[in-house]
Amino acid sequence: MKRTLRLVDRLQGAWQGWQVGYVASQNDALTGLGSRNHFERIGKYQIERRSKKMAVAVVTFDVSGFKFVNDNFGHHAGDIVLRILALCIRWCLRRETDAPFRFGGDEIVVFLSGADAQTAEDYGRRVQGAFLGVCYLVLHGLPSGFGLSFGVELMTRERALESVL
């Protein structure tokens, strides 16, 4: 009986460890957004499947002047900027099916289900305004050349994911 209980304890520990590792591989550790690895494994398939039923807008964000922040204020300040961006992206999401992923560095891609170009543009502007406002308060002003640029592409049945990324 004791031996069985020890085996059960070890199996439960292994299962919990696997769950923690799996969740960590799905999310970017710094921003909490979906990781690129998660997108490559699962998100890509889900978004392609969703785009066969409805249009999916792809909004790509990039922090202008990010290198300047890292070089002059340190990587900790750059990390704070990325966390602020992730927070603003989540604040502005429209529905549960919208999916943000950190693709690397300061590049973040958001998939908006059922969105047309105008809706995606509006979303991008809302994120941009929120981000710049919060950064202005946190950084006590904005460095010259600092900003947030974004681009919008539509994914439809005819336009595959690779052609919009």
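Strands E2 (residues 56-64) and E5 (residues 147-155) run antiparallel and are joined by nine bridges. Helices (H or I, at least four residues) and strands (E, at least two) are DSSP runs, numbered from the N terminus. Two strands count as paired if DSSP finds at least two bridges between them. The model is predicted: local features need pLDDT of at least 70, side-chain atom pairs count only at pLDDT 80 or more, and totals for chains, interfaces and linings use all residues. Residues are numbered from 1 along each chain as its sequence is written, and side-chain values use heavy atoms, with hydrogens and water left out.

Within the E2-E5 pair, Ser64 stands opposite Gly147 of E5. Asp62 has Ser149 of E5 as its bridge partner. E2 also pairs with E4, in the antiparallel sense, over seven bridges. There, Val59 is matched with Val110 of E4. Strands of a sheet pair through backbone hydrogen bonds, either parallel or antiparallel.

The full sheet is open and has five strands, in the order E1-E3-E4-E2-E5, with mixed pairing. Its edge strands are E1 (34-35) and E5, each of which pairs on one side only. Helix H5 packs on the sheet and touches E2, E4 and E5. The direction of H5 makes about 160° with that of E5. Axes here are lines fitted to C-alpha atoms, for helices over the stretch in contact, and angles run from 0 to 180 degrees between N-to-C directions.

The chain holds six helices and five strands. From the N terminus on, the elements follow the pattern α-β-α-β-α-α-β-β-α-β-α. Of the 165 residues, 36% are buried. Buried means under 20% relative accessible area, exposed over 50%, and partly exposed in between (1.4 Å probe, protein chains only). Among contacts with a separation of 6 or more, 66% link residues 24 or more positions apart. A contact means heavy atoms within 4.5 Å.

The largest nonpolar core has 28 residues. Tyr123, Val127 and Phe131 have the most contacts inside this core. Two or more residues each come from E2, helix H3 (66-73), helix H4 (75-92), E4 and helix H5 (117-139). H4 gives the largest share, nine residues. A second, separate core has nine residues, including Phe39, Phe103, Val109 and Phe111. A nonpolar core is a set of buried Ala, Val, Leu, Ile, Met, Phe, Trp, Tyr and Cys residues joined through side-chain atoms within 4.5 Å.

H4 has 18 residues and reaches 26 Å from its first C-alpha to its last. This is close to the 26 Å expected at 1.5 Å a residue; the expected span is 1.5 Å times one less than the number of residues. Buried residues of H4 include Ala77, Leu85, Cys88, Ile89 and Cys92. The buried residues of this helix pack against E2, H3, strand E3 (99-104), E4, H5 and E5. Leaving aside neighbours within four places in sequence, Val127 is in contact with Phe61, Leu85, Cys88, Ile89, Cys92 and Leu148.

Leu112 is found in strand E4 (residues 107-113). Leu112 counts as buried because its relative accessibility is 0%. Not counting residues up to four places away in sequence, Leu112 touches Ala55, Val56, Ala57, Val59, Arg94, Asp98, Ala120 and Tyr123. Leu112 and Met155 are 43 residues apart in sequence and 9.9 Å apart in space, C-alpha to C-alpha.
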